[in-house]
Amino acid sequence: MPFAQHYQETLEELARVCASCGRDPREVKVIAVSKTVDAPAISAAIAAGAHDFGENRPDVLAAKVAQLPEQTWHFIGNVQSRKIPEIVACASFVHSVCKEEHFAKFDQAAERLGKVQDILLEVNVSGEESKSGFTPDEAIAALQLAETFPHIAVRGLMTMAPQGNLDVARECFEGLAALRDALRSQLPSEQAARFNELSMGMSEDWREAVCAGATMVRIGRALFSDSFESVQA
Ligand SMILES: *Cc1c(COP(=O)(O)O)cnc(C)c1O
């Protein structure tokens with residue numbers, strides 16, 4: 001099945017899921033995670049209507065942005081300090097900021113390019129050892145520190161749920177939404193107004209994430225893979 005069909009079905013399902021939990025599908029951005037496909041496949045996705053793409057390697061991101069600069073690119077991978085200038089040059093959103101020592105580097109890189117970099121703080125809600133991210137308890141201090149840098153704007157939070165159990169995933173997403181609300185209530189109003197994004201949900205668990213309040217879902221295999229079988233199918 002080609003991307004166009006997967007994408008159309010996903011948008012239709014998004015509308016149904018939103019209707020079932022009282023949300024407006026226009027509040028949810030579908031990010032097509034294109035990390036496993038090449039530029040021609042992304043061009044086909046663009047022709048099918050996709051415009052937001054997610055990548056997890058700075059060098060690959062840069063190469064794809066060079067070929068397809070008109071799209072909105074999201075960096076969702078592990079951030080390495082020395083790659084920050086390259087990431088800032090390419091990404092509209094960086095979803096995976098999880099170290100305080102990176103804030104100054106993002107700020108400097110953005111200042112040099114004359115931009116304000118939109119970032120999300122990655123939070124390890126589930127507490128799994130293998131996952132990166134701030135702990136929920138660390139998030140407020142990290143957010144307050146980030147807000148001291150004029151060339152980064154913290155737009156919200158991102159998480160990855162444990163795989164394999166949708167009830168556990170739902171709890172994780174609800175936890176991130178509650179944390180976003182708690183943090184927002186502690187921000188000055190100007191910063192609170194822009195601190196509203198929740199990047200959560202992937203091919204397996206985006207439906208749970210949407211009902212928990214996701215504003216961005218990051219979907220890879222379910223859009224780009226011929227062989228992906230939803231656990232709910
Ligand atoms: C690869 C990736 C995704 C997409 O995962 P799928 O299961 O293929 O939908 C989402 N978020 C992050 C951070 C990823 O690395």
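The following paragraphs lead through a predicted model of a protein with a ligand, from the surroundings of the ligand to the cysteines and then to several individual residues.

The ligand is a convenient place to begin. Its surroundings consist of Val33, Lys35, Ile76, Met160, Met202, Ser203, Arg218, Ile219, Gly220 and Arg221. Sorted by chemical character, this shell holds five nonpolar, two polar and three charged residues. Three members of the shell deserve individual attention. Lysine 35 places a polar side-chain atom 2.8 Å from an oxygen atom of the ligand. Serine 203 also approaches an oxygen atom of the ligand, with a polar side-chain atom at 2.5 Å. Arginine 218, in turn, has a polar side-chain atom 2.8 Å from a nitrogen atom of the ligand. How much of the ligand does the protein bury? Taken alone, the ligand exposes 390 Å², and the protein buries 90% of that area.

The cysteines come next. In the whole structure, a search finds one disulfide. This disulfide connects cysteine 21 with cysteine 211, and the two sulfur atoms are 2.5 Å apart. Which parts of the chain does the pair tie together? Cysteine 21 belongs to the loop between helix H1 (3-20) and strand S1 (29-33), while cysteine 211 belongs to helix H9 (residues 206-212), so the bond ties together parts that are 190 residues apart in sequence. The disulfide is left-handed because the torsion about its S-S bond is about -90°. As for accessibility, cysteine 21 has a relative accessible area of 27% and is therefore partly exposed. Cysteine 211 is likewise partly exposed, at 39% relative accessibility.

Other cysteines give a contrasting picture. Why is the sulfur of cysteine 90 too far from another cysteine sulfur for a bond? The closest cysteine sulfur, in cysteine 98, is 19 Å away, and a disulfide requires a pair of cysteine sulfur atoms within 2.5 Å. Cysteine 90 has a relative accessible area of 15%, so it counts as buried, the limit for that class being under 20%. Cysteine 172 is also in no disulfide, for the nearest cysteine sulfur, again that of cysteine 98, is 15 Å away. With a relative accessibility of 4%, cysteine 172 is buried.

Three further residues can be placed in the same manner. Histidine 102 sits in the loop between strand S4 (93-97) and helix H5 (103-112). Is histidine 102 buried or exposed? Its relative accessible area is 6%, and histidine 102 is therefore buried. When neighbours within four places in sequence are left aside, histidine 102 is in contact with Val79, Ser81 and Ile84.

Aspartate 24 is found in the loop between H1 and S1, and the loop between these two elements is also where cysteine 21 lies. Aspartate 24 is partly exposed, at 24% relative accessibility. A polar atom of the side chain of aspartate 24 lies 2.8 Å from the backbone nitrogen of arginine 26. Serine 199 is 175 residues from aspartate 24 along the chain, and the C-alpha atoms of these two residues are separated by 16 Å.

Glutamate 229, finally, occupies the segment after helix H10 (221-224). The relative accessible area of glutamate 229 is 60%, so this residue counts as exposed. Glutamate 229 and glutamate 204 are 25 residues apart along the chain, with 8.9 Å between their C-alpha atoms.

Technical notes. Residues are numbered from 1 along each chain as its sequence is written. This is a predicted model: local features need pLDDT of at least 70, side-chain atom pairs count only at pLDDT 80 or more; totals for chains, interfaces and linings use all residues. Side-chain values use heavy atoms; hydrogens and water are left out. A residue is near a molecule or strand if one of its heavy atoms lies within 4 Å of it. A polar contact is a pair of N or O atoms within 3.5 Å; within protein, one must be able to donate a hydrogen and the other to accept it, and residues adjacent in sequence count only if both atoms are side-chain atoms. Accessible areas come from the Shrake-Rupley method with a 1.4 Å probe; for residues, only the protein chains shown count as cover. Ala, Val, Leu, Ile, Met, Phe, Trp, Tyr, Cys and Pro count as nonpolar, Asp, Glu, Lys and Arg as charged, and the others, Gly among them, as polar. Helices (H or I, at least four residues) and strands (E, at least two) are DSSP runs, numbered from the N terminus. Buried means under 20% relative accessible area, exposed over 50%, partly exposed in between (1.4 Å probe, protein chains only). Contact means heavy atoms within 4.5 Å.
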